[in-house]
Each structure stands twice: as C-alpha cells, then as structure tokens.
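Here is a walk through one protein chain, from a single helix to the whole fold and then to the start of the chain.

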Amino acid sequence: MILSQENYVDKAEKVIKSLAAPNKMGRDMITTSQIRNLLAMTADIYNEVCLSLDETLSEEILGKIQYLRVRFVYEAGRDPRHMKDFVEKAEILKCLDEIGNSKSRYLLFSSYMEALVAYHKYYGGRD
C-alpha cells in the first residue's frame, strides 16, 4: 500500500518539497486553485463516506471516486507542466486504485489530499 496512517503526512511533505525545489526544467508548482478544486471534490465524497454506516462503499460512492479519478487525469492532461507532475509524484491514481471499496482507505486518501494542500500552502504554493 502506498498510504498508511503512519506515512501519509510525511509522503505529502516529500511530494510538495520535490515540486517546490527549483530544477533545471524551470517547473514551478501547481496553483492553489488547481489543487483546491480537486480537494473540494474529494471533500464532497468524504462527506458522503462519513455518513455511511458500512465499511464497504456503495456503488454510488464508487462511481464518484471513479469520476474523481477521471478529473485528476483530465487536469493532468490539461496542464502537463504542473498538474501532471503533481499527480505522478503524489501517486494520486495509484492511491485512488488502492481505495477499492474500503471506507477507511477513502478516509485515508482524503487526509492525504488535505496534507498535500497544507504543505503546498506551507512551502509557498502560488495562487
């Protein structure tokens, strides 16, 4: 598993630090609005997941997670210089695949997204 309760915060910091570090290609980080838009979608699903009493996610929620995956892919294709780099380094698509139909895995993914946004802000992500 890519994410665990013990590593997701450190992993998020490492990802954002790698994106914030100047490199020879002159890449800068994704914008705050880009990452926040995807966090908002993640949070909407999070709210539904929290209301569920089952550990297994419903078909409806699984469909929304699949759509979230499509949105990450779309945004990465739309902005390969910033967003694709972010999605790949953060291993977002792999993390989404690992959720399966587990409520706890989705909650962990949501916490990881929040940590990415927090470190993005901390390390001077652009607006």
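The expected span of a helix is 1.5 Å times one less than its number of residues. In this predicted model, the rule can be tried on helix α2, which covers residues 32-51. Its 20 residues should span 28 Å, and the end C-alpha atoms are 28 Å apart, so the two values agree.

Several residues of α2 are buried: Thr32, Gln34, Ile35, Leu38, Leu39, Met41, Thr42, Ile45 and Val49. An α-helix has 3.6 residues a turn, so residues three or four places apart point the same way. The cover over the buried residues of α2 includes α3 (59-78), α4 (80-90) and α6 (103-122).

What pattern does the chain follow along the sequence? The chain reads α-α-α-α-α-α, with 6 helices and 0 strands. Its radius of gyration is 14 Å, close to the 14 Å that the globule rule gives for 127 residues, so the chain is as compact as a globular protein of that length. The C-alpha atoms fill a box of roughly 50 × 30 × 25 Å along the principal axes. Of the 127 residues, 43% count as buried. Among contacts between residues at least 6 apart in sequence, 77% join residues at least 24 apart.

The start of the chain gives one case of residues distant in sequence that touch. Methionine 1 lies in the segment before α1 (8-20). Leaving aside residues up to four places away in sequence, methionine 1 touches Glu98 and Arg105. The C-alpha atoms of methionine 1 and glutamate 98 are separated by 7.1 Å, although the two are 97 residues apart along the chain. Methionine 1 is nevertheless exposed, because its relative accessible area is 70% and exposed means over 50%.

Note on methods. Residues are numbered from 1 along each chain as its sequence is written. This is a predicted model: local features need pLDDT of at least 70, side-chain atom pairs count only at pLDDT 80 or more; totals for chains, interfaces and linings use all residues. Side-chain values use heavy atoms; hydrogens and water are left out. Helices (H or I, at least four residues) and strands (E, at least two) are DSSP runs, numbered from the N terminus. Buried means under 20% relative accessible area, exposed over 50%, partly exposed in between (1.4 Å probe, protein chains only). Contact means heavy atoms within 4.5 Å. The radius of gyration is taken over C-alpha atoms; the globule rule is 2.2 Å times the number of residues to the power 0.38.
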